[in-house]
Amino acid sequence: MKVSSVHNSLLNSKHCSLDLLRLDQLHPEISGNKWFKLKYNIEQALNENKKGLLSFGGAYSNHLHALAFAGKEFSLETVGIIRGEKVINDTLSDCERWGMKLHTITRSEYRQKYEPEFLHQLSDQFPGYLIIPEGGNNEAGIRGCAEILNHVALNRYDIIACAVGTGATFTGLLQSALPQQKLLGFTAVKNGGYLSEEIRKHTQQTNWELITEYHFGGFAKSDPGLLRFMQQLKADNDLQLDFIYTAKMMFGLFDLMKNGQLSNQRVLAIHTGGLQGNRSLI
Ligand SMILES: *Cc1c(COP(=O)(O)O)cnc(C)c1O
């Protein structure tokens, strides 16, 4: 898989190198980390002769977008349970075009997404479907993400950086990183501290840290500074980031270098994809 090297004067002055693992180029539609989270879930559904896949997400969900396309490819029906008000946007129209059935529920209903009773109701309503948690965050998802680092010459790096939503990708990376490496996870939500607890449930390792201050106001929020940063990287390095996850990670990485908290390191950052979500910016 392709790795792109980023060059600029900040990296030079801090004696850092920065490579990006381009999971965004994995597939035109199922881009980035979402494929790794889905592959073993899909395998399970096929082995168990399931009729389809059901999962959860917001109206701009990269996960549902990937799930819809993957379902079409593997001839599995798909159902997306959407949080909040019904909107018509590019993400959901792609999902529908690829055959996903959309069910919008209220935000308070959506909060029950892990309650056993609610899940039972859904299995009654959609018999024969494999239910995958929001963001593909389950053991199969983590197992798939543990394969991401098979695609790089791992011992070339000191630091591995990744954007964090549910933490499944980060947990998988952690399981496959070398013990001397340090993992930095940049949380995309406001108050992302609780995610450390989630990750600790899956690992005893201590060579990792979540950086929670680069959320830019919250999940899927942005500000002119972040958008300018994205434009600059596009102009200087021909590198397109998504504003929800990867731009916040890269902004954070450079900011840590500026602050003197990161120097003399060979950094591998994971470009987890998500570019389809940028269509909501226009
Ligand atoms: C979903 C997503 C993430 C977060 O992945 P988690 O496994 O939920 O932490 C990061 N980057 C992009 C581009 C994503 O779409």
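This is a short tour of a predicted model, going from its nonpolar cores to its ligand.

Start with the largest nonpolar core, a set of 34 residues. Select L18, F186, M250, L253 and F254, which have the most contacts inside this core. Then colour the elements that give two or more residues to the core: α1 (9-13), β2 (17-22), β7 (159-164), β8 (182-187), α10 (224-237), α11 (246-258) and β10 (266-271). Among these, α11 supplies the largest share, with seven residues.

Next, centre on L18. Leaving aside neighbours within four places in sequence, L18 is in contact with S4, S5, V6, L11, M250, L253, F254, V267 and A269.

Now select Y157, C162, W208 and L210. These residues are included in a second, separate core of 24 residues.

Move to the ligand and show the 16 residues around it. Of these, K34, K37, T166, T169 and T272 come nearest. The shell around the ligand divides into four nonpolar, nine polar and three charged residues. At least two residues of the shell come from each of α2 (33-47), β7 and α8 (168-176); α2 gives the largest share, three residues.

Which polar side-chain atoms should be picked out here? Select N33, where a polar side-chain atom lies 3.0 Å from an oxygen atom of the ligand. In the side chain of N62, an N or O atom is 2.7 Å from an oxygen atom of the ligand. For T272, the distance from a side-chain N or O atom to a nitrogen atom of the ligand is 2.6 Å.

Finally, show the surface of the ligand: taken alone it exposes 380 Å², and the protein buries 98% of that.

Methods
Residues are numbered from 1 along each chain as its sequence is written. This is a predicted model: local features need pLDDT of at least 70, side-chain atom pairs count only at pLDDT 80 or more; totals for chains, interfaces and linings use all residues. Side-chain values use heavy atoms; hydrogens and water are left out. A nonpolar core is a set of buried Ala, Val, Leu, Ile, Met, Phe, Trp, Tyr and Cys residues joined through side-chain atoms within 4.5 Å. Buried means under 20% relative accessible area, exposed over 50%, partly exposed in between (1.4 Å probe, protein chains only). Helices (H or I, at least four residues) and strands (E, at least two) are DSSP runs, numbered from the N terminus. Contact means heavy atoms within 4.5 Å. A residue is near a molecule or strand if one of its heavy atoms lies within 4 Å of it. A polar contact is a pair of N or O atoms within 3.5 Å; within protein, one must be able to donate a hydrogen and the other to accept it, and residues adjacent in sequence count only if both atoms are side-chain atoms. Accessible areas come from the Shrake-Rupley method with a 1.4 Å probe; for residues, only the protein chains shown count as cover. Ala, Val, Leu, Ile, Met, Phe, Trp, Tyr, Cys and Pro count as nonpolar, Asp, Glu, Lys and Arg as charged, and the others, Gly among them, as polar.
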